[in-house]
Amino acid sequence: MEEKKESLNFIEQIIEDDLSTGKHKQIITRFPPEPNGYLHIGHAKSICLNFGLKETFNGKTNLRFDDTNPSKEETEYVESIIEDIKWLGFEYDNLFYASDYFEHLYEWAVMLIKNGKAYVDEQNPEQISEQRTNPSVPGIESPYRHRSVEENLKLFQEMKEGKYADGSMVLRAKIDMNSPNMHMRDPVMYRIIKKHHHRTGDKWCIYPMYDYAHGQSDYIEGITHSICTLEFEVHRPLYEWFLEQIDTSGKRPRQIEFARLNITYTVMSKRKLLELVKNNYVNGWDDPRMPTISGFRRRGYTPESIRNFADRIGVARRENMIDVGLLEFFIREDLNKNANRVMAVLNPLKVIITNYPEGKTEQLDAQNNPEDISAGSRKLSFSREIFIDQDDFMENAPNKFFRLKPGGEVRLRYGYFIKCNEVIKDSEGNITELHCTYDPESKGGQSPDGRKVKGTIHWVDSKTCFDAEVRLYDRLFIKENPEDTNENETYLDYLNPDSLKTITAKLEQSLIDAKPMERFQFERKGYFCVDKDSRPDKIVFNRIVTLKDSWTKISGNE
RNA sequence: UGUCCGAUGGUGUAAUGGUAGCACUUGUGAUUUUGGUUCAUACAGCCAAGGUUCGAAUCCUUGUCGGACAACCA
């Protein structure tokens, strides 16, 4: 058998190394979201990374909720996160919560106090911050830094018992007030928060900080590779310091950082996404314009397309800005193979075929998917009056326009050749309908005389088509990088006013039973997905993405 | 200003001291009953300067540019 050599990303190389040197027999990774918001496509990158590592190296991956701050976290978010991970197609080996470890974490904190490595500080946040000064200047020690172990033990115990008010004191690690790394200047380990926790209720009123809880939680679970984004790089010495306090074997989890995902024409920070939702710039976390996983799902993206995207963009340590077009490529690639084709007229223009018998209807054969013969075929009804799309007709057309024009002939997809004879207008000069004639010999789209017709356009039969709401989505922002703001502007100044256009379209009869989440290609227009707002008497479609369109490029250049 | 990190076509990512490759994008042509798909083809890159070496994208030095950090958030 031939050996297949795939190039590894830098994390895979580290793991392969650890496995071959015997440092680890099996790897365990974890995905550790805080349940304070919905997951976005950046999290999808992290999920695909962590779970992908489990698959390629035959390891394990835990889902762990980093729920150490009860003032921000809710069960609603826990549920949506679980749903998103499952939808992406991954299974976690264990479901844990940092709050599972509160007792253990507390005991370790007591141990640190006993070892003279932690102390209770009664200063307020401003004082503590001031004493840390700035990186180029040594910090100033807290007046409480050298309290006795006994006093620290007593105060910490009382903190836990709820004797003190929120913000009145904290437990700090005693590390190095002169470190050039600010995170090492006696970081806060515990603070008092008298709030109801979504899992532990009112049992605790002191909560561990991220830096203290995270590494120890990794340790408890036996995580071998703790993967996070670049901004935690400066936390790594602290991560290691806390672990050294409980284990010096060197078999501790290792933190590895990679560059977070950025995509053009969108924002990715939780804070900004929350703001978009709260201030109704979008309609909720799963608005199809949102870069959240639930937004992409509702928009009609498939899990495969997102996983392929995550694979393709790779994992590295340099900052990146991925073209949103790459994501569109992967959904088109998937749906081109898998979505059935149908005909839908987005901006209807009535066409009367004057030489077609009144009252007659016939059934035409149409392929469901030319890329997949097994998708079969369906019948399309055809009669004297049909609708075509407005932009498939031009009264004064340039040469390269090979759709319908006065005196010109065009093929109706799966139907007949028609020729435009008369343009009917209203008193204001708007085109209201077209009078055409058809060639009865050209049924199915070919003429016995073999004459070529350059253009083929889509249409629906006025007798059997029905109206549906179609939501045309475009990018949410008009600026490639909305976070790169000019003076006196914020990312909100770059919102695209046309990111959603709602229209009423005419759809072919077969779509009358379309169910939420079903995806189709509207021929020549794009891929569309039935929205969850859809009802049997009022079907709603979302546009996932347009088809690639070289015509607008050509016509735009003229 | 201090410490740390990073730099390969337009974008993203490989090459681990030995031929700079792949994907997206873009251009051109062919096929096509979707101006889609598919196929062919082209354009286009190692931040800079020194050094080590038979040989450097890769190692070293310096510089330039970009980023991270200074919550009782994660």
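A search of the whole structure finds 0 disulfides, a disulfide being a pair of cysteine sulfur atoms within 2.5 Å. The structure is a predicted model, in which local features need pLDDT of at least 70, side-chain atom pairs count only at pLDDT 80 or more, and totals for chains, interfaces and linings use all residues. Residues are numbered from 1 along each chain as its sequence is written, and side-chain values use heavy atoms, with hydrogens and water left out.

Two cysteines are set out below; their sulfur atoms are too far from the closest cysteine sulfur for a bond. Buried denotes under 20% relative accessible area, exposed over 50%, and partly exposed the range in between (1.4 Å probe, protein chains only).

| Cysteine | Closest cysteine sulfur | Relative accessible area |
|---|---|---|
| Cysteine 48 | Cysteine 228, 17 Å | 11%, buried |
| Cysteine 529 | Cysteine 48, 20 Å | 0%, buried |

Glycine 250 lies in the loop between α8 (236-244) and β9 (254-258). Its relative accessible area of 42% makes glycine 250 partly exposed. From glycine 250 to isoleucine 263 the separation is 13 residues in sequence and 38 Å in space, C-alpha to C-alpha.

Helix α11 (residues 303-313) packs against helix α12 (residues 324-338) at an angle of about 135°, with the axes 9 Å apart. Axes are lines fitted to C-alpha atoms over the stretch in contact, and angles run from 0 to 180 degrees between N-to-C directions. The two helices are therefore oblique to each other, since angles under 35 degrees count as roughly parallel, over 145 as roughly antiparallel, 65 to 115 as roughly perpendicular and the rest as oblique. Contact (heavy atoms within 4.5 Å) involves residues including Phe309 and Ile313 of α11 and Leu327 and Phe330 of α12.

Conventions
Chains lettered and ligands numbered in written order. Helix = DSSP H or I, 4+ residues; strand = E, 2+ residues; numbered from the N terminus.
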